[in-house]
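User: Please take a close look at the aromatic side chains and at what surrounds them, and give me one connected account with the cut-offs stated.

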Amino acid sequence: MTSDKYLAEFLKSAPIPTMILRPNGPLFSIIEINDAYLKLKGISREKLIGKGFFETFYIDKYYDITGWMESLGKVLTQKKPDKIPVRSYT
């Protein structure tokens, strides 16, 4: 079994911006964020960890979260991964 410490280090060093959410809908608390994501958003880990996903991103008028509620709802009910179409933020 892989240790939590190993997984945390792997996530932290991954080059792809990544966020892990607790499946506690409808809140979907942010439980971990890697350095690539923090650098992309220019925000500190402390400002996001423990906050609800929608609480955090509904207030950002430049971040389009269309489809996220539906997708996360599918994940909870179907217990399977779901994808949201890739968007360009330029």
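Analyst: In what follows, a residue is called buried under 20% relative accessible area, exposed over 50% and partly exposed in between, with a 1.4 Å probe and protein chains only. The model is predicted, so local features need pLDDT of at least 70 and side-chain atom pairs 80 or more, whereas totals for chains, interfaces and linings use all residues. Residues are numbered from 1 along each chain as its sequence is written, and side-chain values use heavy atoms, without hydrogens and water.

A search of the whole structure finds three aromatic pairs (ring centres of Phe, Tyr or the six-membered ring of Trp within 6.5 Å; stacked under 30 degrees between planes, edge-to-face over 60, tilted otherwise). One of them is formed by Phe28 and Phe54, whose rings meet edge-to-face with 6.1 Å from centre to centre and 70° between the planes. This pair joins distant parts of the chain, since Phe28 sits in the loop between β1 (19-21) and β2 (30-33) while Phe54 belongs to helix α3 (residues 53-57), 26 residues apart (helices, H or I of at least four residues, and strands, E of at least two, are DSSP runs numbered from the N terminus). Both partners are covered by the protein: Phe28 has a relative accessibility of 4% and therefore counts as buried, and Phe54, at 6%, is buried as well.

The pair of Phe53 and Trp68 is classed as tilted because its ring centres are 5.1 Å apart and its planes lie at 45°. Here too distant parts are linked, with Phe53 in helix α3 and Trp68 in helix α4 (residues 68-78), 15 residues apart. Phe53 is buried at 3% relative accessibility, whereas Trp68 is partly exposed, because its relative accessible area is 22%. Taken together, ring pairs connect Phe28, Phe53, Phe54 and Trp68 into a cluster.

Phe28 also deserves attention for its backbone, since its phi is positive, at about 55°, although the residue is not a glycine. In the loop between β1 and β2, which holds Phe28, Pro26 is found too, and the peptide bond that joins Gly25 to Pro26 is cis, with omega at about 5°. For comparison, most residues other than glycine have a negative phi, and most peptide bonds are trans. A positive phi near 55° is also computed for Lys79, likewise a residue other than glycine, but Lys79 lies in the segment after α4 and, at 68% relative accessibility, counts as exposed, while Phe28 is buried at 4%.

The cluster reaches into the largest nonpolar core, which has 11 residues in all: Met19, Phe28, Ile30, Ile33, Tyr37, Leu38, Leu48, Phe53, Phe54, Phe57 and Leu72 (buried Ala, Val, Leu, Ile, Met, Phe, Trp, Tyr and Cys joined through side-chain atoms within 4.5 Å). At least two residues of this core come from each of β2, α2 (35-41) and α3, and α3 gives the most, with three residues. Leu72, one of the core residues, shows how these elements meet: apart from its neighbours within four places in sequence, Leu72 is in contact (heavy atoms within 4.5 Å) with Leu21, Phe28, Phe53 and Phe54.

Beside Trp68, which is in helix α4, Gly67 belongs to the loop between α3 and α4 and is partly exposed at 25% relative accessibility. The C-alpha atom of Gly67 is 6.9 Å from that of Ile84, although the two residues are 17 residues apart along the chain.

Charged side chains complete the picture of the surroundings, with a count of three salt bridges (a side-chain nitrogen of Lys or Arg within 4 Å of a carboxyl oxygen of Asp or Glu). Arg45 bridges to Glu32, with the closest N and O atoms 3.1 Å apart, and this joins the loop between α2 and α3, where Arg45 lies, to strand β2, which holds Glu32, across 13 residues. Arg45 also meets Asp35, at 3.5 Å from N to O, and because Asp35 is in helix α2, this bridge ties together parts that are 10 residues apart in sequence. Asp82 and Lys74 form another salt bridge, at 3.8 Å from N to O; Asp82 is partly exposed with a relative accessible area of 30%, and Lys74 is partly exposed at 39%. Through shared partners, Glu32, Asp35 and Arg45 are joined into one network.
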